[in-house]
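Q: Could you take a close look at one part of this protein with me? I am new to reading structures, so please go step by step.

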Amino acid sequence: MRITTNITIAALLFSSAHAALPDHALTCAASYERRPDRAAVEEAIRCYHAVDAAQLAAATPTQRFNHYEALLSTLTYAVTHYNGANNGAAQRAWANHGLSVSTTLDGETALTNPQRGAAKFWLASFITFDVALRDGLPIAEEPRFVLRYPSNTMGALEHIRSLFMRAAELNRTYLGCGPYRNLGIIHLSRPEFFFPGSADLAVQALLDTYSCDPWFSLNTIYLARALRRAGRAQEAVPLLQDFITAATTEPQRFGASRVIDTLEDVAKARVLLAPC
């Protein structure tokens, strides 16, 4: 989905086009709130996609940013949660859609620096999905961004890394310090045999991410994974136990809009604890 740069006369004359975008966003967000129901997630994607170019062109830069951010978040959920042999075509379509939208967002010229950082974050994320799908690598809900990069994707990996680094420079705390988290996950994704010390680098990066935002549940999950990978599984035990206790008693503390995601991460934490 790409925006046309020409603002139509009708869009300039009628203020209703300006108001329609946030109103529409509320409708789309209501569908997404019913995740993990796949039909609801797909309904949200169609809802965001229904916003036409004239509405987007007439919107403010922040309204456009919020629209793209919500759509990309929804597409990410679809790509990472609904996968497998029977979902290949849909997953490919969602990833392609996200790559197009994130490229459009990254090309917006009127963004603030924090918004530009977020745009780099989403672009890097969807390039990751694109590389994985083109190389036939699985994208699963768990782990979300970890790829086992074959040799022919090393160039893409460095490009992704540079985008996350730029995202961190512009908006380090975005999505629970997401740029730093994903830089740590890149280390975690690298095979230790070919990249000695990757596990230790992942631990350090993800410790920094956890310190940056201990209330974003994925930071706990990936730090625990890195500790296990580095042979420090026992250090992950109290981390995971404390997270499970806090998240099951007060999930809102991890973000009112992320209660569903936090409770999903509790299930992942229990799986990580099982072999410890």
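A: Here is a walk around helix α3, with its neighbours and the cysteine links of the chain.

Please keep in mind that this is a predicted model. Let's begin with the overall layout. The protein has 13 helices and 0 strands, so its pattern along the sequence is simply α-α-α-α-α-α-α-α-α-α-α-α-α. Of its 276 residues, 49% count as buried. Contacts can also be sorted by how far apart the partners sit in the sequence: among those between residues at least 6 apart, 66% join residues at least 24 apart.

Now to the part itself. Helix α3 covers residues 38-49, and helix α5 covers residues 61-81. Their axes come within 10 Å and cross at roughly 150°. That angle makes α3 roughly antiparallel to α5, because angles over 145 degrees count as roughly antiparallel. The crossing of α3 past α5 is left-handed.

Which residues in α3 and α5 meet? From α3 come Val41, Ala44, Ile45 and Tyr48. On the α5 side, they meet His67, Ala70, Leu71, Thr74, Leu75, Tyr77 and Ala78. Sorted by character, the residues of this contact are 9 nonpolar, 2 polar and no charged. If you would like to find the contact on your screen, Tyr48 in α3 and Tyr77 in α5 are among the residues to look for.

Helix α3 has another link, this time through a cysteine. A disulfide joins Cys28 to Cys47, with an S to S distance of 2.1 Å. Cys28 belongs to helix α2 (residues 16-32) and Cys47 to helix α3, so this pair ties together parts that are 19 residues apart in sequence. The bond has a handedness too: with -80° about the S-S bond, the link of Cys28 and Cys47 is left-handed.

Are these two cysteines buried or exposed? Cys28 is buried, with a relative accessible area of 0%. Cys47 has 12% relative accessibility and also counts as buried, because the cut-off for buried is under 20%.

How many disulfides does a search of the whole structure find? There are 2, so let's visit the other pair as well. Cys177 and Cys212 form a disulfide, with their sulfur atoms 1.8 Å apart. Cys177 lies in helix α9 (residues 174-189) and Cys212 in helix α10 (residues 198-212), so the pair ties together parts that are 35 residues apart in sequence. The torsion about their S-S bond is about -65°, so this disulfide is left-handed. Cys177 counts as buried at 1% relative accessibility, whereas Cys212 is partly exposed, with a relative accessible area of 22%. Numbering the bonded cysteines of the protein in sequence order gives the pairing 1-2, 3-4.

One more stop shows how residues separated in sequence can be placed in space. Ala233 lies in helix α12 (residues 233-249) and counts as partly exposed at 24% relative accessibility. The C-alpha atoms of Ala233 and Leu273 are separated by 9.0 Å, and these residues are 40 apart along the chain.

To pull the picture together, return to helix α3. Residues such as Val41 and Ile45 in α3 meet residues of α5, while Cys47 in α3 is joined by a disulfide to Cys28 in helix α2.

Notes:
Residues numbered from 1 in each chain as written. Predicted model: local features only at pLDDT ≥ 70, side-chain atom pairs only at ≥ 80, totals over all residues. Heavy atoms only, no water. Axes fitted to C-alpha atoms, helices over the stretch in contact; angles between N-to-C directions. Helix = DSSP H or I, 4+ residues; strand = E, 2+ residues; numbered from the N terminus. Parallel < 35°, antiparallel > 145°, perpendicular 65-115°, else oblique. Left-handed = near helix turned anticlockwise from the far one by under 90°. Contact = heavy atoms within 4.5 Å. Nonpolar A, V, L, I, M, F, W, Y, C, P; charged D, E, K, R; others polar. Disulfide = S-S within 2.5 Å. Buried < 20%, exposed > 50% of the residue type's maximum accessible area, 1.4 Å probe, protein only.
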